[in-house]
Amino acid sequence: MFNYKPGDKVILGKECTCGRKTRTISSIEGRVSDVIIKEDGSEISSWIIFYLLKDLEVSELKGSVSQLQLIQNGNNFNVNIVKGTNCNNPENFINNYLRKEIGNNIYIKFYYPEELEKEKSGKVKLFKRLS
């Protein structure tokens with residue numbers, strides 16, 4: 001028996017074996033309730049990072065980012081970028097994208113670690129909010 005809460009990411013299973021036409025949950029993959037607090041106090045989903053990465057991959061910057069992580073501390077955002085094979089610099093693209101989505105009165109700093117820090121689970125979080 002699974003225990004899940006609103007905001008959990010789940011993998012749907014097959015139809016119920018009891019004969020009902022409803023779907024079952026085969027596994028719970030984790031919580032997706034991380035939200036970015038915009039400068040006006042409203043919230044947006046941290047899924048914008050996936051869309052940012054997708055937009056990077058269809059631009060002239062394709063391959064410039066191997067991994068990306070966004071860390072929020074108030075209106076300060078640290079962007080950790082593990083460089084990809086393309087030598088183009090994605091900072092302007094990412095800066096403009098984040099300002100459009102989050103707001104212009106944010107502070108963005110870029111860092112280029114060799115690799116991103118893993119959580120205790122062994123996974124890398126794409127977004128962290130410190131406060």
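# A guided tour of the fold

Start with the whole protein chain in view: buried residues (under 20% relative accessible area, with exposed meaning over 50% and partly exposed in between, using a 1.4 Å probe and protein chains only) make up 29% of its 131 residues. This is a predicted model, in which local features need pLDDT of at least 70, side-chain atom pairs count only at pLDDT 80 or more, and totals for chains, interfaces and linings use all residues. Residues are numbered from 1 along each chain as its sequence is written, and side-chain values use heavy atoms, leaving out hydrogens and water.

**Stop 1: the whole chain**

Switch to a cartoon view. You will find 2 helices and 8 strands, where helices (H or I, at least four residues) and strands (E, at least two) are DSSP runs numbered from the N terminus. Along the sequence the pattern reads β-β-β-β-α-β-β-α-β-β.

Now colour by pLDDT, the predictor's confidence in each residue, from 0 to 100. The mean for the protein chain is 86, and 87% of its residues reach 70 or more. Among the elements, strand E2 (residues 23-31) has the lowest mean pLDDT, 67, and E7 has the highest, 98.

How much of the contact network links residues 24 or more positions apart? With contact meaning heavy atoms within 4.5 Å, such residues account for 53% of the contacts with a separation of 6 or more.

**Stop 2: helix H2**

Select residues 91-102, which form helix H2. The expected span of a helix is 1.5 Å times one less than its number of residues. For the 12 residues of H2 that gives 16 Å, and its end C-alpha atoms are 16 Å apart, so the two agree.

Next, show the side chains of Ile-94, Asn-95, Tyr-97, Leu-98 and Ile-102, the buried residues of H2. Looking down the axis, you will see them fall within an arc of 165 degrees, so they line one face of the helix; the arc is that of the directions from the helix axis to the C-beta atoms. An α-helix has 3.6 residues a turn, so residues three or four places apart point the same way.

Turn to the face of H2 pointing away from the buried side, and you meet the exposed residues Asn-92, Asn-96 and Lys-100. What covers the buried side? The cover includes strands E3 (35-37), E4 (43-45), E5 (65-73), E6 (76-83) and E7 (107-111), together with helix H1 (48-57). Just after H2, click on Gly-103, whose phi is positive, near 140 degrees.

**Stop 3: helix H1**

Move to H1 and pick out its buried residues, Ile-48, Ile-49, Leu-52 and Leu-56. They cover an arc of only 105 degrees around the axis, which puts them on the same side of H1. Their packing partners are E3, E4, E5, H2 and strand E8 (127-129).

Zoom in on Ile-48, a residue of helix H1. At 10% relative accessibility, Ile-48 counts as buried. Leaving aside its neighbours within four places in sequence, Ile-48 is in contact with Ile-36, Tyr-97, Leu-98, Glu-101 and Ile-102. Try a distance label from Ile-48 to Ile-102: these residues are 54 apart in sequence, yet 9.8 Å apart in space, C-alpha to C-alpha.

**Stop 4: the paired strands**

Two strands pair if DSSP finds at least two bridges between them. Select E5 and E6: they run antiparallel and are joined by 8 bridges, with Leu-68 opposite Ile-81 in E6. Their hairpin has 2 residues between the strands, and Gly-74 there takes a positive phi near 70 degrees.

Add E7, which runs parallel to E6 and is joined to it by 5 bridges. Here Asn-78 stands opposite Lys-109 in E7. E7 has a covered face, with Ile-108 and Phe-110, and an uncovered one, with Tyr-107, Lys-109 and Tyr-111.

Then bring in E8, which pairs with E5 in the parallel sense over 3 bridges. Look for Ile-71 opposite Lys-128 in E8.

**Stop 5: Val-79**

Finish at Val-79 in strand E6. Is Val-79 buried or exposed? At 0% relative accessibility, Val-79 counts as buried. Beyond its neighbours within four places in sequence, the contacts of Val-79 include Leu-68 and Leu-70, Ile-94 and Leu-98, and Ile-108 and Phe-110. Val-79 and Ile-94 are 15 residues apart in sequence and 8.8 Å apart in space, C-alpha to C-alpha.
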